[in-house]
Amino acid sequence: MTPPATPVLDDRQQIARGIAYRVLAMAFLACLSAAVKWCGSRGVPLFEIIFFRNAFAFLPLGLYIWRTTGFEVLKTRRPVGHLVRSAVGLTGMVCGFAALQRLPLTEATALQFASPLFMTALSALILHEAVGRHRWAAVVVGFVGVLIMARPSPGHMNVEGVSLALLSALGAAGAMVAIRQISATERGPTIVFYFTLAGTLLGAVGTAFHWVTPDPLTLAMLVACGLFGGVGQLFLTEALRVAPVGVVAPFDYTQLIWAAALSLLIWGELPHPMTLVGAVVVAASGGYILHREIRRYRRATQISLTSSVDS
């Protein structure tokens, strides 16, 4: 008997899957942030949380690599590139986890939306990419949104928490720039594996100096941090594999909805109205930057194709 043919998904089904994966990724990452904040409130040191978040992320990551690419994907030609990407990304992670202990979950999540704004500026400064006036204007408008969220008036602005959250967004942007520099030779699972390995080592070194033995419930939440982070990262990877980035990236902002729901459910906190207003401004700016970036990429691709045909 002839085995039944594997159904082939059309473009609409692929896009729907990509969007679903991206939304699920944001849900898992919001759960990660909530678990990190909860563990911190139970007295777990920062580097201990980082250790569990990365060490237990190897469970879903290892399974994914085994079932898809195989472990030969771990071979790398850019060890120094991975080191730079990990150093920048882990700096952002440390700042982000620290910010979660000082800000409401929704506000800390919303401030992370500044990452595309930083990435645009870093692309111009580090990669020497041409950034036109439209994208620079979007960056300026986006930072106005950040100021709205931060509420820089006496008695309202949590300077330490906001500063840490923005440093985390800057670290995430720097990590993306570093990834763009090594992605020509390195595959996604390779980059994620070495970042997770570096995070585990950093957490292990930190816990050697300050370890607090968690109770069973806190231990379960620490393990959940790793699983949430690992599964969320895999859904991010799968979303980009099955659908264009321009389609799925706007759904990153659904993380704010998940964060608001978890914040209300766990801590009984409602997001401040100015946080929501600022988040909308930043999200609109980030979406416009993404739109201009995709237009620039398509134009460059068309010019490249035309030149190859003419030659």
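Modeller: Two rings of Phe, Tyr or Trp (its six-membered ring) form a pair if their centres lie within 6.5 Å; planes under 30 degrees apart are stacked, over 60 edge-to-face, and the rest tilted. This is a predicted model, in which local features need pLDDT of at least 70 and side-chain atom pairs count only at pLDDT 80 or more, while totals for chains, interfaces and linings use all residues. Residues are numbered from 1 along each chain as its sequence is written, and side-chain values use heavy atoms, with hydrogens and water left out.

Biologist: What is the pattern of the protein chain, read along the sequence?

Modeller: Helices (H or I, at least four residues) and strands (E, at least two) are DSSP runs, numbered from the N terminus. The protein chain has 13 helices and 0 strands. Read along the sequence, the pattern is therefore α-α-α-α-α-α-α-α-α-α-α-α-α.

Biologist: Is the pair of Phe28 and Phe228 stacked, edge-to-face or tilted?

Modeller: A search of the whole structure finds 10 aromatic pairs. For Phe28 and Phe228, the ring centres are 6.2 Å apart and the planes stand at 50 degrees. The pair is classed as tilted.

Biologist: How many residues apart in the chain are Phe28 and Phe228?

Modeller: Phe28 belongs to helix α1 (residues 11–41), whereas Phe228 belongs to helix α10. The pair links distant parts of the chain, and the separation is 200 residues.

Biologist: Are Phe28 and Phe228 buried or exposed?

Modeller: Buried means under 20% relative accessible area, exposed over 50%, and partly exposed in between (1.4 Å probe, protein chains only). The relative accessible area of Phe28 is 24%, and that of Phe228 is 22%. Because these values fall in the intermediate class, Phe28 and Phe228 are both partly exposed.

Biologist: Why is the pair of Phe51 and Phe52 edge-to-face, and which of its members is buried?

Modeller: The pair is edge-to-face because the planes lie at 80 degrees, with the ring centres 5.6 Å apart. Phe51 is partly exposed, at 23% relative accessible area. With a relative accessible area of 6%, the buried member is Phe52.

Biologist: Which residues does Thr200 touch, residues up to four places away in sequence being left out?

Modeller: Thr200 lies in helix α9 and is buried, with 13% relative accessible area. Contact means heavy atoms within 4.5 Å. Phe51, the partly exposed member of the edge-to-face pair, is one of those that Thr200 touches. The set is Phe51, Asn54, Ala55 and Phe58.

Biologist: Which residues form one aromatic cluster with Tyr21?

Modeller: Tyr21 is also among the residues that Ala239 touches. The cluster takes in the tilted pair of Phe28 and Phe228. The partners of Tyr21 in this cluster are Phe28, Phe228 and Phe235.

Biologist: How far apart in space are Ala239 and Gly18, C-alpha to C-alpha?

Modeller: Ala239 lies in helix α10 and, at 0% relative accessibility, counts as buried. Not counting residues up to four places away in sequence, Ala239 touches Gly18, Tyr21, Arg22 and Val248. Ala239 and Gly18 are 221 residues apart in sequence, yet the distance between their C-alpha atoms is 4.2 Å.

Biologist: For what percentage of the contacts with a separation of 6 or more do residues 24 or more positions apart account?

Modeller: The protein chain has 311 residues, of which 44% count as buried. Among its contacts with a separation of 6 or more, the share from residues 24 or more positions apart is 90%.
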